[in-house]
Amino acid sequence: MTTTQKQGSSVLEATRAGVRRPPLYKVLLLNDDFTPMDFVVTVLQKYFGMNQARATQVMLQVHREGMGMCGVFTKDVASTKVEQVVSYARQHQHPLACVMEENE
């Protein structure tokens, strides 16, 4: 939006600065040979709000493909979710890895 105002003999123009959306980050779970599948499903439900069917689908993707996407978030939210998942896994003595990477 541009507005023009006259002040004396000069013209002032106010322009709206271009606002860019913040970069988004994917939160990923990585497969390991020790974390039980039902624990992964619980994590997906508890921290990513997935229902049983969706959580099971993502868990199977992690198991079969080596990683699965939990969601896409702003940097702060993604970082918090990674910390929460890793902390919860460690509390339950599981080596589940959760990472974030910039969404391209």
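The following paragraphs go through side-chain pairs, contacts and exposure in a predicted model.

The aromatic side chains come first. The structure holds 3 aromatic pairs. In one of them, Phe39 and Tyr88 are stacked, with 5.4 Å from centre to centre and 10° between the planes. This pair joins distant parts of the chain, since Phe39 belongs to helix H1 (residues 37-48) and Tyr88 to helix H3, 49 residues apart. Both partners are covered: Phe39 is buried at 8% relative accessibility, and Tyr88 is buried with a relative accessible area of 14%. Another of the pairs is formed by Phe48 and Phe73, and its geometry is tilted, at 6.2 Å centre to centre and 40° between the planes. The angle of 40° falls between the limits of under 30 degrees for stacked and over 60 for edge-to-face, so the pair is classed as tilted. Here too the pair links distant parts of the chain, with Phe48 in helix H1 and Phe73 in strand E4 (residues 67-74), 25 residues apart. Phe48 counts as buried at 13% relative accessibility. Phe73 is also buried, with a relative accessible area of 19%, a value that lies under the 20% limit for that class. Beyond single pairs, ring pairs join Phe39, Tyr47 and Tyr88 into a cluster.

Phe39 appears again in the surroundings of His94. His94 is found in the loop between helix H3 (75-91) and strand E5 (97-102). Although it sits in a loop, His94 is buried, with a relative accessible area of 17%. Leaving out residues up to four places away in sequence, His94 touches Phe34, Thr35, Pro36, Phe39 and Ala89. Gln93 is found in that loop between H3 and E5 as well. Is Gln93 buried or exposed? Gln93 counts as exposed, at 73% relative accessibility. The backbone of Gln93 has a positive phi of about 60°, although the residue is not a glycine.

Helix H2 (residues 52-65) contains Met59. Met59 is buried at 8% relative accessibility. Which residues does Met59 contact, apart from its neighbours within four places in sequence? They are Met37, Val40, Val41 and Leu44. For one of these, Val40, the separation from Met59 is 19 residues in sequence and 6.2 Å in space, C-alpha to C-alpha.

The cysteines raise the matter of covalent links. A disulfide is a covalent bond between the sulfur atoms of two cysteines. The structure holds 0 disulfides. Why do Cys70 and Cys98 not form such a bond? The sulfur of Cys70 has its closest cysteine sulfur in Cys98, at 5.3 Å, which is too far for a bond. The limit is 2.5 Å between the sulfur atoms, so this pair does not qualify as a disulfide. Seen from Cys98, the closest cysteine sulfur is that of Cys70, again at 5.3 Å. Both residues are buried: the relative accessible area is 7% for Cys70 and 6% for Cys98.

Charged side chains give a short account. How many salt bridges does a search of the whole structure find? The search finds 1 salt bridge. Lys26 forms a salt bridge with Glu101, and the closest N and O atoms are 3.3 Å apart. Lys26 lies in strand E3 (residues 24-30) and Glu101 in strand E5, so the pair ties together parts that are 75 residues apart in sequence. Lys26 is partly exposed, with a relative accessible area of 21%. Glu101 likewise counts as partly exposed, at 36% relative accessibility.

The last feature is on the surface. Leu24, Met69 and Val72 make a nonpolar surface patch of about 210 Å². Met69, one of the residues in this patch, is found in strand E4. With a relative accessible area of 36%, Met69 is partly exposed. Members of a patch need over 30% relative accessible area, so Met69 passes that limit.

Conventions. Residues are numbered from 1 along each chain as its sequence is written. This is a predicted model: local features need pLDDT of at least 70, side-chain atom pairs count only at pLDDT 80 or more; totals for chains, interfaces and linings use all residues. Side-chain values use heavy atoms; hydrogens and water are left out. Helices (H or I, at least four residues) and strands (E, at least two) are DSSP runs, numbered from the N terminus. Buried means under 20% relative accessible area, exposed over 50%, partly exposed in between (1.4 Å probe, protein chains only). Contact means heavy atoms within 4.5 Å. Rings of Phe, Tyr and Trp (its six-membered ring) pair if their centres lie within 6.5 Å; planes under 30 degrees apart count as stacked, over 60 as edge-to-face and the rest as tilted. Patches are made of residues with over 30% relative accessible area and no salt bridge: like charges are joined within 9 Å, nonpolar side chains (Val, Leu, Ile, Met, Phe, Trp, Tyr) within 5 Å. Accessible areas come from the Shrake-Rupley method with a 1.4 Å probe; for residues, only the protein chains shown count as cover. A salt bridge is a side-chain nitrogen of Lys or Arg within 4 Å of a carboxyl oxygen of Asp or Glu.
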